[in-house]
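Colleague: I am new to this structure and should be grateful for a close look at its interior. Would you please begin with the surroundings of the bound ligand and go on from there?

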Amino acid sequence: MALLTVRDLSVEFPASGAAVRAVRRVSLSVQDGEVVGLVGESGSGKTAAMMAIPGLLPSAAHVAGSVRFAGRELLGAREQELRRIRGARIGVVFQDPLSALNPTMPVGRQVAEVVVHHLHLGWREARERAVELLASVDLPDPGRRAAEYPHQWSGGMRQRALIAMALAARPSLLIADEPTSALDARVATEVAELLLRLQSELGMAVLLASHDLGLIARLADRVLVMYGGQIVESGGCADVLLGRAHPYTSALMGAVPGGGAPGTALSAIPGEPPDASRRDAGCAFAARCPHVMYGCLRAAPPPYPVPGKIGHVACCWRYHPDAPSADGGAHGRT
Ligand SMILES: Nc1ncnc2c1ncn2[C@@H]1O[C@H](COP(=O)(O)OP(=O)(O)OP(=O)(O)O)[C@@H](O)[C@H]1O
Ligand code: SF4
Ligand SMILES: [Mg+2]
C-alpha cells in the first residue's frame, strides 16, 4: 500500500466572480521512501494541491476528494488530529522561510518547541536536541546561533532551520514547496545538497515542488507535471524530463539550455496560462499547443500510457487511438 494516496483531489477558492478552480481532480501516490517531483508553471496549482494534503489551506478553500496517508483519511479529519500528524508524520517546508518563522522568538527556541510538542521531551533536553538538529542541517556554530532571532539569520540559514523543524520527529513524508526558490543560486545548491543527503540518510518519502529542474532531476524518482490544476503527465524522472511526451512538458523544458543542470529553471511558455475559473470542454493546453488537432477542442484528453514506457502516462490526444476527429472517427497520431 502506498504511503500517500490522493484521489480526485479538487480545490476551489471562492472569488467574487466564478470560483478559482486551482486543483482539478488530481490523483497521485507516493510510496515509502519515494521522491516525487511536481513541476508546472506559476499558478498551475502545485501549492494548492500540496497544502491540501496536510490540511494547511485557508478554511475558505473548498477541498474535495480523498487523501489517504498511512491508511488514514485526512480530508475531513479533525484539526487536532491533523496537527498531530503534521510535524510528527508529515513534515512541511515552505518557499518563504522568513514568514514561516516567528519573528519574536529565538530560532533555537522555535526548534525546541517542535521537539517538546512532537517528541515529548522536557525543555532542557529539547534545547540540546534543537542544537543537535541545527547541527544536522549544517548550520554553522549552532550552539551560539540558536539564541538569535530569524532576522539575524540569512535566508539559507532560515531554510535550514525550517528543514530541521520539519524533520525533528523523523516524519515518513516531507512536503517541500519550492524549498530553494527564495534563495540565491549558491545557497539554493547547498540547500538542495542538504535535502539530498537527508533524504538518503532518513529514507523518508518526499513530495517536492520546484522550478529548479536540476533539483528535480537529482532528487526525484518520479515526476508529475501540472497544468491548469491537473496532472497532464507523470512517469519516471528521466522518462518525463527527457522524453517530454506532453507538448506542455516539452515547452516547459524545451528552451532550457543545459536543462537538468543545478539551478536550471523552467522555461516561460508563449501564451497565457488557462483561466483558473474556466470550465471549457477541450484540452486546457489547446490554445498554446503547437500540435493542436480538431479533437483537442472537443474533449479533454484522458490519461493514456506513453508507448514503450512503463508507468509513463500523458493526458494528450496524440497518444490516444480514440482522439475525436472531424468525421466522428478516431484521429491518428501526428
Ligand atoms: N488563497 C487563495 N485564494 C484565491 N486563489 C488562490 C489562493 N491560493 C492560490 N490561488 C489561485 O489558485 C491557483 C493555483 O495557485 P498555486 O499557488 O497553487 O500555484 P503554484 O503552481 O503553486 O504557483 P507558483 O509556481 O507560483 O508557486 C492560481 O490561480 C492562484 O491564483
Ligand atoms: S491534447 Fe491536443 S492540444 Fe492538448 S496537448 Fe495534446 S495535442 Fe496539444
Ligand atoms: Mg506555489
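**The ligand site and the buried interior**

Modeller: The shell around ligand 2 is made up, by class, of ten nonpolar residues, two polar residues and one charged residue. This description rests on a predicted model. Of the 13 residues around ligand 2, those that come nearest are C283, C289, C296, C316 and W317. The space that ligand 2 takes up is the largest cavity.

From the ligand we may turn to the nonpolar interior. The largest nonpolar core has 65 residues, and those with the most contacts inside it are L134, I163, L174, V223, V225 and Y248. Helix α7, residues 155-167, supplies the largest share of this core, with eight residues. Apart from this core lies another, of 36 residues, among them F69, I85, V92 and L224.

One residue of each core can be followed further. Leaving aside neighbours within four places in sequence, L174 is in contact with G91, V92, V93, A166, L167, L195, M204, A205, V206 and L207. L224, for its part, is found in strand β9. Because its relative accessible area is 3%, and buried means under 20%, L224 counts as buried. Again leaving aside neighbours within four places in sequence, the contacts of L224 are L28, V36, G37, L38, V39, I231, E233 and S234. L224 and H312 are 88 residues apart along the chain, and their C-alpha atoms are separated by 10.0 Å.

Helix α11 shows how buried residues are covered. In this helix, residues 247-254, the buried residues are P247, Y248, T249, L252 and M253. Their cover includes β3 (35-39), α9 (213-219), β9 (222-227), β10 (230-236) and α10 (237-243). Y248 of this group is also one of the residues with the most contacts inside the largest core.

Two loop residues complete the picture. The backbone of E178 has a phi near 50°, a positive value in a residue other than glycine. E178 lies in the loop between β7 (173-177) and α8 (185-202). E178 is buried, because its relative accessible area of 4% falls under 20%. H120 likewise is a residue other than glycine with a positive phi, here near 55°. H120 has its place in the loop between α4 (107-119) and α5 (123-136). H120 counts as exposed because its relative accessibility is 66%, over the 50% cut-off.

How values were computed
Residues are numbered from 1 along each chain as its sequence is written. Chains are lettered from A and ligands numbered from 1 in the order in which they are written. This is a predicted model: local features need pLDDT of at least 70, side-chain atom pairs count only at pLDDT 80 or more; totals for chains, interfaces and linings use all residues. Side-chain values use heavy atoms; hydrogens and water are left out. A residue is near a molecule or strand if one of its heavy atoms lies within 4 Å of it. On a 1 Å grid over the protein atoms alone, a cavity is a set of points where a 1.4 Å probe fits but cannot get out, and a pocket is an open set with protein on both sides within 12 Å along at least five of seven lines; lining residues have an atom within 4 Å of a point. A molecule sits in a cavity or pocket if more than half of its atoms lie within 2 Å of its grid points. Ala, Val, Leu, Ile, Met, Phe, Trp, Tyr, Cys and Pro count as nonpolar, Asp, Glu, Lys and Arg as charged, and the others, Gly among them, as polar. A nonpolar core is a set of buried Ala, Val, Leu, Ile, Met, Phe, Trp, Tyr and Cys residues joined through side-chain atoms within 4.5 Å. Buried means under 20% relative accessible area, exposed over 50%, partly exposed in between (1.4 Å probe, protein chains only). Helices (H or I, at least four residues) and strands (E, at least two) are DSSP runs, numbered from the N terminus. Contact means heavy atoms within 4.5 Å.
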